[in-house]
Amino acid sequence: MSSFISDTISNPRFPLFATAVLSGATAASLILGYQALEREERVSNLKNSIPRDDPALQRLNSFGGSIPAPLDKEDARNQQLARRAQRGDFDEELILEQLARNRVFLTDDGLEKLRNSFVIVVGCGGVGSHTAASLARSGVSKLRLIDFDQVTLSSLNRHAVATLADVGISKVQCLQRRLIAIAPWVKFDLQQEKIDGHVAPRLLGPWEDEDGRAPDFIIDAIDNIETKVGLLKYCYDNDLPVISSMGAGCKSDPTRIIVGDIGTSTDDGLSRATRRRLKLKGITSGIPVVYSNEKTGEGKAELLPLADEEFQKGDVGDLAAMPDFRVRILPVLGTMPAIFGLTVANHVILNITGYPVDYLPAKGRDRMYDGIQAFIQGSEDKLARLTDGGDTVGLKVPLTVGDVAFLVEELYNGRSAITGIPTKLVLVRWRRPKGSSMTVLGEGKDVQKCSTLRLSDLVCMTKEEAVRHEKEVFKGKKSLKKVYDTATIEKVEALLEEAKTYEELR
């Protein structure tokens, strides 16, 4: 090795080679240094071109009852820069440099899709604020933010960008105020409004510009059940891409957070109530959700009840932020909504850009629901022949697949009410009807035959248990007390009473 080095140095061409290497390194350093100085100059010129104080910018726009916040000098500069950037007066190279890590991850094509996208975030609290902030940082160019509420002191433990100075202003205003300082080229459409069926077509409609772009994704970060269900049903019925965040309250284990289908989400009150109501509206699957399968346990946080003195003051509904809105206090560890929100944003970014998504698959049960519905049809047909003794051809059962899914999964937790066995499940009437089990309307070719079956008539059993039940209770006319023990009867009766409370939601 030493002889090789000696021979190389002694070679008459070595000085020429060394000079060439040194010259190349010097030239490269000069080029890189010049590029760095040029970039710094562009940034400096851009910042210095913004007026130090604009008398026209004294206050941000106010929405509804929000308290408008005065602009400080930094806010005024950010607003001015945002207006310039949205007009296109912003160096494209600076934007690409800011998005460089996303660019190499998603590829140029993926980043271009993201930068041309339009996303709607409904609910701008703990979850939604982190989602919106991440999307703005990642390159989404159009964000519509929808939330009726204002920033409060209690918001600050989990909100992505709110500060003490933002307390009292609308959440959508707060997000826009802070995010334009990060990504001034992002266009915001702020809607301080509670979403419902009447305003959904407008709030979830296209972006109002020359191309009228429809939303690439809608994000549900609402924590009110009625509003949440209404939004998800609207998106489902209108084939709008949506992802929903379930409850982050009372959760503490980030390793339990999952992206899955609405039909498989479990173990939190918001998820359960949302899933139940959607199934009763015929939606059993097809909506991606972020949820936690963390279970409650001793020493863990739980939903706090209202104090007795609050009930003594009158209608507790008056304590809500809006009519029919939540009034109970939900314990929230500030880190968990952030993780939910970032998981939602991650899902949206991957889907918009076409990046491969390989979530662990959940077991589909739609085929099982179809089989159970077929069993109910057959059982009702046989029962109608017993109670009516006539023609049952064309008999219809007033149950949807959503009703079946609700009863099996939500009311009976995927187990037989008789033995707790979770396989070969069916639904069958609990009692033999005292009269006819079928109503007949019309005559001749216009006749319509319908079972009198209701949700609160059905109990979940294994197929073998149901066949025995039909034989002894329906055909044999035995009383339930002669077939089942008292504990089983009481358990089933309680579940059937619970089913009655859901019949009006169908």
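Buried means under 20% relative accessible area and exposed means over 50%, with partly exposed in between. The exercises below concern a predicted model.

**Exercise 1.** Determine whether Asp149 and Lys171 are buried, partly exposed or exposed, and state which parts of the chain their salt bridge ties together.

*Solution.*
1. Asp149 has a relative accessible area of 22%, so Asp149 is partly exposed.
2. Lys171 has a relative accessibility of 9% and therefore counts as buried.
3. The two residues form a salt bridge, in which the closest N and O atoms are 3.8 Å apart.
4. Asp149 belongs to the loop between strand 2 (142–146) and helix 7, whereas Lys171 lies in helix 7 (residues 171–179), so the pair ties together parts that are 22 residues apart in sequence.

**Exercise 2.** Describe the salt bridge between Lys233 and Asp237 and the position of both residues.

*Solution.*
1. The closest N and O atoms of Lys233 and Asp237 are 2.6 Å apart.
2. Both residues lie in helix 9 (residues 225–237), four residues apart, which is about one turn of the helix.
3. Lys233, at 25% relative accessibility, is partly exposed; Asp237, at 48%, is also partly exposed.
4. Elsewhere, a network of salt bridges with shared partners joins Arg275, Arg276, Lys279, Glu410 and Glu498.

**Exercise 3.** Identify the helix that supplies the largest share of the largest nonpolar core.

*Solution.*
1. The largest nonpolar core has 50 residues; Leu145 and Phe188 are among those with the most contacts inside it.
2. Helix 12 (residues 335–353) contributes the largest share, seven residues.
3. A second, separate core has 39 residues, including Met461 and Leu480.

Definitions and conventions
Residues are numbered from 1 along each chain as its sequence is written. This is a predicted model: local features need pLDDT of at least 70, side-chain atom pairs count only at pLDDT 80 or more; totals for chains, interfaces and linings use all residues. Side-chain values use heavy atoms; hydrogens and water are left out. A nonpolar core is a set of buried Ala, Val, Leu, Ile, Met, Phe, Trp, Tyr and Cys residues joined through side-chain atoms within 4.5 Å. Buried means under 20% relative accessible area, exposed over 50%, partly exposed in between (1.4 Å probe, protein chains only). Helices (H or I, at least four residues) and strands (E, at least two) are DSSP runs, numbered from the N terminus. A salt bridge is a side-chain nitrogen of Lys or Arg within 4 Å of a carboxyl oxygen of Asp or Glu.
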